[in-house]
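Dear colleague,

Please find below the structure for your review. The findings follow directly after it.

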Amino acid sequence: MEVKKNKNVDIHRFSGLFFQIGLVLSLAMVVIAFEWRSSDDGSTVDLGSLQEFEDIIDIPNTIQPPPPPPVIQQPQIIEVPDEEEIEEEIEVDLDIEVTEETVIEELVFEDAPEEEVADEVFTIVEENPLPVGGMDAFYRYIATYLIYPEIARRMGIEGNVFIEFVVEKDGAITAVRSLKGIGAGCDEEAVKVIIKAPKWKPGKQRGKAVRVRIVLPIHFRLS
């Protein structure tokens, strides 16, 4: 009678062997992994090249030396000769007898001469100069003695001639001239009439007669 072998008994016999084989394989794989890592790290880093690179680099010196101190010029001592003393004897006579009867003369100071001030010609005064009889009488005088120039009449020239003159302190008329005219003999005729005009009442400033400058228009109209 054959005895049948139990398969579970065979498997149990070889289970220890399988465990040992698996343990050996696991250790082998761990050793291979560590060896592979160390070989990779060694291939990427070259310590010798790094040492040579550091020796080649030359770092310049960035610290600048301080500037030299400024040269201080010492003051020069110049000898000045002693000033000569001038001795002058001043004699003062103090032997003056003064009694009660002695009369001391008073010092008289002469007044300084007054400076001559040129007569100022005013343009604005407190009291304006006026012709005798008023301005209406003066314009009647002009209309009577003014002659219209023939050239201006033929050319039909009309307008105003502005005459400047000065009324003196005594009322006389001086410095007559034409400021703005219309030509054709009208300017000269207006000046001639003003020069021959009678005296005016002088202008006054602070109650005193003064010279006053007047500008007067003379009308030329053809009727």
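Is R206 exposed or buried, taking exposed as over 50% relative accessible area, buried as under 20% and partly exposed as in between (1.4 Å probe, protein chains only)? R206 is exposed, because its relative accessibility is 75%. This residue sits in the loop between β6 (203-205) and β7, and its phi is near 60°, a positive value in a residue other than glycine. A184, in the loop between β4 and α5, likewise has a phi near 60°; A184 counts as partly exposed because its relative accessibility is 26%. As background, most residues other than glycine have a negative phi.

Basis of the analysis

This is a predicted model, in which local features need pLDDT of at least 70 and side-chain atom pairs count only at pLDDT 80 or more, whereas totals for chains, interfaces and linings use all residues. Residues are numbered from 1 along each chain as its sequence is written, and side-chain values use heavy atoms, with hydrogens and water left out. The average pLDDT (the predictor's confidence in each residue, from 0 to 100) is 76, and 60% of the residues score at least 70. Over residues 50-54 the pLDDT stays under 50, and the model has zero contacts (heavy atoms within 4.5 Å) beyond four places in sequence for them.

Overall architecture

The protein has five helices and seven strands, taken as DSSP runs numbered from the N terminus (helices: H or I, at least four residues; strands: E, at least two). Their order from the N terminus is α-α-β-β-α-α-β-β-α-β-β-β. Of the 223 residues, 18% count as buried. Among contacts with a separation of 6 or more, 77% join residues 24 or more positions apart.

Nonpolar core and surface patch

The largest nonpolar core (buried Ala, Val, Leu, Ile, Met, Phe, Trp, Tyr and Cys residues joined through side-chain atoms within 4.5 Å) has 27 residues, of which F138, I142, I163, F165, I194, I218 and F220 touch the most other members. At least two residues of this core come from each of α3 (135-145), β3 (159-167), β4 (173-180), α5 (186-195) and β7 (208-220). With six residues, β7 gives the most. Leaving aside residues up to four places away in sequence, F220 touches partners including L146, Y148, V161, I182 and A190.

At the surface, L17, F18, I21 and L25 make a nonpolar patch of about 410 Å². Such patches consist of residues with over 30% relative accessible area and no salt bridge, with nonpolar side chains (Val, Leu, Ile, Met, Phe, Trp, Tyr) joined within 5 Å and like charges within 9 Å; areas come from the Shrake-Rupley method with a 1.4 Å probe. L25 belongs to helix α1 (residues 7-44) and is exposed at 52%.

Salt bridges

The structure holds five salt bridges, each a side-chain nitrogen of Lys or Arg within 4 Å of a carboxyl oxygen of Asp or Glu. R213 and E164 meet at 3.7 Å, N to O. Because R213 lies in β7 and E164 in β3, this pair ties together parts 49 residues apart in sequence. R213 is partly exposed at 32%, whereas E164 is buried at 12%.

E168 pairs with R211, the closest N and O atoms being 2.8 Å apart. E168 lies in the loop between β3 and β4 and R211 in strand β7, so parts 43 residues apart in sequence are tied together. Salt bridges that share partners also join E164, R177 and R213 into one network.

Yours sincerely
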